[in-house]
Amino acid sequence: MGCSFSTLFGFRWGRPPLNDAPAETPANQTNTNAVEANVSETTPVIATTTTATTTTTTATATESTIPVPATATNVETTNDSVTPNEVVKENESKPVEPVPFVRPTPLPSAISKIPPEVLLLILGMAADTPFVRRKIISVCSDWRKALVGISWVWTSIRIVSSRDTEVKFEKFLWNLTLQLERCGSLPLNVYWRTCMDAAQTTQLFGLLAQKAPFSRWRTLELAAYDGSTLDNADVANMGDFQNLDSFILCGSQVNCLLNLVNRSITSKLTNFDNRYLYMPLVQFRNEMDNLLKTITKFHLPYFSADADFELPANITELKVNILPDVPLPHVRVLTANSNWIRFYRNQNLRNLVTLDASFYQKDDMDRPLTLSSLQNLTVHAPEFTALTLLTAPCLQKLRIEFPVQEGYKREINSMRQTLTHPSYSLSPYESLQLAAPLPLDLVERALMRSPRVMHLMFQIADCRKGWETIRRLFVEPPDWQRETSEVTIVTTQMLNKIETTTATMPSKKTVMVGKSKWWRLCPRLRTVRVELKWNWTEAEGTVWTSFLQRILEERFGGTLQSATCAWNNGTELTAVVVSG
């Protein structure tokens with residue numbers, strides 16, 4: 001620490017120096033160190049005691065003896081000699097006065113300098129879970145008092161009890177009562193997971209009816225509840241869920257509480273997250289009808305493909321695992337796991353705009369189909385051959401996604417078969433995103449099958465294997481003579497989302513008449529984005545700056561306006577044609 005214990009607390013241990021008063025000895029105690037002086041080869045001892053008795057050993061002082069200061073013996077020093085017996089008697093004659101201990105003043109800590117209102121805000125934001133709340137209130141009495149006084153911190157109620165013993169259940173009720181008193185009358189966020197007997201159920205709902213009726217519940221996450229022990233008399237005084245605005249259903253055996261929510265729900269419910277995916281179809285029809293009328297997004301349970309049900313018109317965004325063969329005329333956004341391509345019928349999805357899906361490999365039962373309103377399509381690996389049967393005349397954006405792993409040969413082969421198939425006809429009008437490090441020949445093939453694309457994004461795992469292929473993807477020699485003009489290329493670097501200009505290169509470019517088979521690739525291309533699967537370095541930035549400028553030079557006079565490189569660590573490098 002850089003200092004001793006005695007220095008820290010302001011006093012010294014051990015014997016006092018010559019200019020300090022020695023500690024006085026009580027009268028009934030023998031002084032074993034009456035007088036002590038510094039001993040050296042040139043300074044003899046004046047008077048010392050060698051035993052615990054009154055026997056003393058003396059030595060005659062020579063001319064070099066240091067005289068004893070007056071403060072050392074509390075007697076007046078004169079020319080007369082003072083015997084050791086007189087010194088001992090003088091010390092024994094005075095009573096001992098206790099020296100009061102003065103506690104050192106502690107230095108103020110940094111947190112004590114924080115204004116009280118700021119400290120309350122920090123503690124309130126930190127105490128977001130019951131575990132953190134218990135840790136904070138055990139730090140000190142000031143923090144405990146501050147946190148107990150923040151009512152909104154205690155509004156997150158966890159009602160968790162699973163076949164508890166009588167003692168444990170009483171402790172649970174005591175903690176619940178204490179928390180409900182601390183939160184006052186504020187709305188509650190309730191997490192419910194219980195499995196109790198009939199007596200415990202009656203006690204719990206009796207407490208909730210007094211301090212936390214259903215009308216105070218703002219959010220409810222229903223994980224599990226065994227409603228077999230619930231009587232109608234238990235919930236008679238609980239009111240209804242008229243103020244509930246968020247409901248998460250993620251458990252089983254929730255029949256009773258789910259039915260109560262469904263009967264008393266109002267238009268205030270704006271968020272309903274269904275995670276109970278193994279719900280029987282009968283329960284879905286009987287206990288979800290009112291809930292479905294107040295929401296716009298819904299996750300459909302695992303129903304079979306031939307399940308018969310109807311969704312209300314207000315649900316426009318749907319997530320399914322098995323796409324049912326029922327009309328969904330109001331659904332505009334659909335997210336689906338692996339399904340057969342034949343399930344996506346245009347008569348059932350005639351207003352579908354956005355589809356995020358994965359498909360099984362096509363078989364003999366699949367037939368070509370058309371999604372007349374589809375504009376945005378995202379397809380996930382591993383199978384892409386089903387795309388050869390799909391036609392989307394209004395398609396604006398196509399995104400291909402691969403899993404993040406090495407050696408995905410199956411996906412590459414499936415993608416290659418799809419792009420080389422003669423019946424493949426998906427050609428987006430605006431955006432093509434290849435969110436996977438495809439081989440560059442596949443990127444080239446995808447561009448050849450998408451002549452109308454204006455915005456391109458693709459990924460590269462190793463640029464050293466195909467620099468020439470990358471360059472020729474963007475070379476567009478026109479078949480007419482372009483006039484000499486000026487083009488300004490501004491390169492900007494996005495490092496940690498901070499934009500700074502790194503290079504400005506005005507130049508004159510004269511493009512000669514030329515012919516090449518590569519000029520047919522994306523003649524309408526306006527922006528290109530290359531995502532590199534490694535981190536940025538200064539050397540990489542220099543090389544890719546020149547490369548981006550070269551791309552714009554090759555496409556000078558065409559439609560390409562900007563080229564961007566993005567690295568894994570968040571760095572971006574953009575070259576933009578400012579004037580031309």
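What follows looks at the salt bridges, cavities and a surface patch of this predicted model.

Salt bridges come first, and the structure holds 7 of them. One pairs Arg345 with Asp325, with N and O 3.3 Å apart. Arg345 sits in the loop between β10 (333–336) and β11 (354–357), while Asp325 sits in the loop between β9 (317–320) and β10, so the contact ties together parts that are 20 residues apart in sequence. Arg345 is partly exposed at 37% relative accessible area, and Asp325 is also partly exposed, at 41%.

Another bridge joins Arg529 to Glu572, the closest N and O atoms being 3.0 Å apart. Here the partners come from strands, Arg529 from β20 (residues 527–532) and Glu572 from β22 (residues 572–579), so parts 43 residues apart in sequence get tied together. Both ends count as partly exposed, Arg529 at 26% and Glu572 at 23%. Add Glu531, and Arg529, Glu531 and Glu572 make up a network of salt bridges. Arg399 and Glu401 also meet in a salt bridge, at 2.6 Å from N to O; Arg399 is partly exposed at 21%, as is Glu401 at 22%.

Turning to empty space, the count comes to 3 cavities of 30 Å³ or more. The largest has a volume of about 60 Å³. Its lining divides into 9 nonpolar residues, 1 polar and 1 charged, including Leu387, Met415, Tyr424, Arg449 and Ser450. β15 (397–401), α12 (409–420) and β16 (431–435) each chip in at least two lining residues.

Out on the surface, Leu121, Met125, Trp152 and Leu186 form a nonpolar patch with about 420 Å² of accessible area together. Leu121 belongs to helix α4 (residues 116–126) and is partly exposed, at 49% relative accessible area.

Notes
Residues numbered from 1 in each chain as written. Predicted model: local features only at pLDDT ≥ 70, side-chain atom pairs only at ≥ 80, totals over all residues. Heavy atoms only, no water. Patch = residues over 30% accessible without salt bridge, like charges linked within 9 Å, V, L, I, M, F, W, Y side chains within 5 Å. Areas by Shrake-Rupley, 256 points an atom, 1.4 Å probe, with all protein chains shown as cover. Salt bridge = Lys/Arg side-chain N within 4 Å of Asp/Glu carboxyl O. Helix = DSSP H or I, 4+ residues; strand = E, 2+ residues; numbered from the N terminus. Buried < 20%, exposed > 50% of the residue type's maximum accessible area, 1.4 Å probe, protein only. 1 Å grid on protein atoms, 1.4 Å probe; cavity = no way out; pocket = protein on both sides within 12 Å on 5 of 7 lines; lining within 4 Å. Points joined across faces, edges and corners; volume = space filled by probe spheres on them. Nonpolar A, V, L, I, M, F, W, Y, C, P; charged D, E, K, R; others polar.
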